[in-house]
Amino acid sequence: MSNNQAIETMLAKQAIQETVYTYCRALDRLDKELLESVFSANANIDYGEIYKGPAAGFVDIAIGFQGSMRDTQHMVNNLLIEVDGEEASSEAYVYAHHVIEQDGERMELVIGARYLDRFCRDEQGQWKISYRTELLDWARMVPIGERWFEDNTELPKGCRGKDDLSYGFLNRRK
């Protein structure tokens, strides 16, 4: 591999990594436009019985599902990316935290999963997800007895949507 090819591969991997991170941010901030922006025009999603089809339909379901929760936080690590010209594939481990109401009780749903993605470049040269599936590796749901988060007033709190303080810091994501 030449130096130019190595640099192009590193740049592609960085852009793909940011696409995966942007997906997580869009879910947690309930930002439909941002979520739409990570998928190619003809992207397909396979989440088993939850959803199988075009990304456009998935976006509405994902925003609705995530929006039904008090809060979520998706964290990605162990991101392996293989680049092959104008296409790429990746496996990303995801740790997803959700706070939900179930039968009048606040519950913490924690999921360990992996995103398996294929990527392509769009007309502007941006790396977009063209196919995604998620593999569930483990999960647990436990009641939340304490209310420390609600009672703590010492730190500013994040919020879902574009009123979150981060939108002022990440100007390109307004």
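**Figure 1. The order of helices and strands along the chain.** Starting at the N terminus, the elements of this predicted model follow the order α-α-β-β-α-β-β-β-β-α-α. That gives the protein five helices and six strands. If you trace the C-alpha atoms along the principal axes, the protein spans about 55 × 40 × 25 Å.

**Figure 2. The open sheet.** Let's look at how the strands sit side by side. The six strands form an open sheet, and their order across it is 2-1-6-5-4-3, with mixed pairing. Strand 2 (52-54) and strand 3 are the edge strands: each has a single partner strand, so one side of each has no neighbour in the sheet. On average, neighbouring strands are turned by 20° against each other, ignoring direction. As a reminder, strands of a sheet pair through backbone hydrogen bonds, in either a parallel or an antiparallel way.

**Figure 3. The hairpin of strand 3 and strand 4.** Follow strand 3 (residues 71-84) to its end, and you will meet strand 4 (residues 87-102), its antiparallel partner over 12 bridges. Two residues lie between these strands in the hairpin. One residue to find in the turn is G85, which has a positive phi of about 70°. Close by in the legend's story is V83, which stands opposite A88 of strand 4.

**Figure 4. Strand 4 meets strand 5.** Strand 4 also runs antiparallel to strand 5 (residues 105-121), and 16 bridges join the two. To pick out one pair, look for E87, whose bridge partner in strand 5 is C120. While you are here, remember that side chains in a regular strand alternate between the two faces of the sheet.

**Figure 5. Two helices against the strands.** Helix 1 (residues 3-29) packs on the sheet, where it touches strand 1 (39-46), strand 3, strand 4, strand 5 and strand 6 (127-143). The direction of helix 1 makes about 160° with that of strand 3. Helix 3 (residues 55-67) lies across strand 1, strand 2, strand 3 and strand 4, and runs at about 65° to strand 1.

**Figure 6. Inside and surface.** Of the 174 residues in the protein, 41% are buried. Among contacts with a separation of 6 or more, 58% are between residues 24 or more positions apart. The accessible surface comes to about 10,700 Å², and carbon and sulfur atoms account for 52% of that area. For charges, you can count 20 positive and 30 negative side chains, with the centres of the two sets 3 Å apart.

Note on methods:
Residues numbered from 1 in each chain as written. Predicted model: local features only at pLDDT ≥ 70, side-chain atom pairs only at ≥ 80, totals over all residues. Heavy atoms only, no water. Pairing = 2+ DSSP bridges. Helix = DSSP H or I, 4+ residues; strand = E, 2+ residues; numbered from the N terminus. Buried < 20%, exposed > 50% of the residue type's maximum accessible area, 1.4 Å probe, protein only. Contact = heavy atoms within 4.5 Å. Areas by Shrake-Rupley, 256 points an atom, 1.4 Å probe, with all protein chains shown as cover. Lys, Arg positive; Asp, Glu negative; His and termini not counted. Charge placed at Lys NZ, Arg CZ, Asp CG, Glu CD. Axes fitted to C-alpha atoms, helices over the stretch in contact; angles between N-to-C directions.
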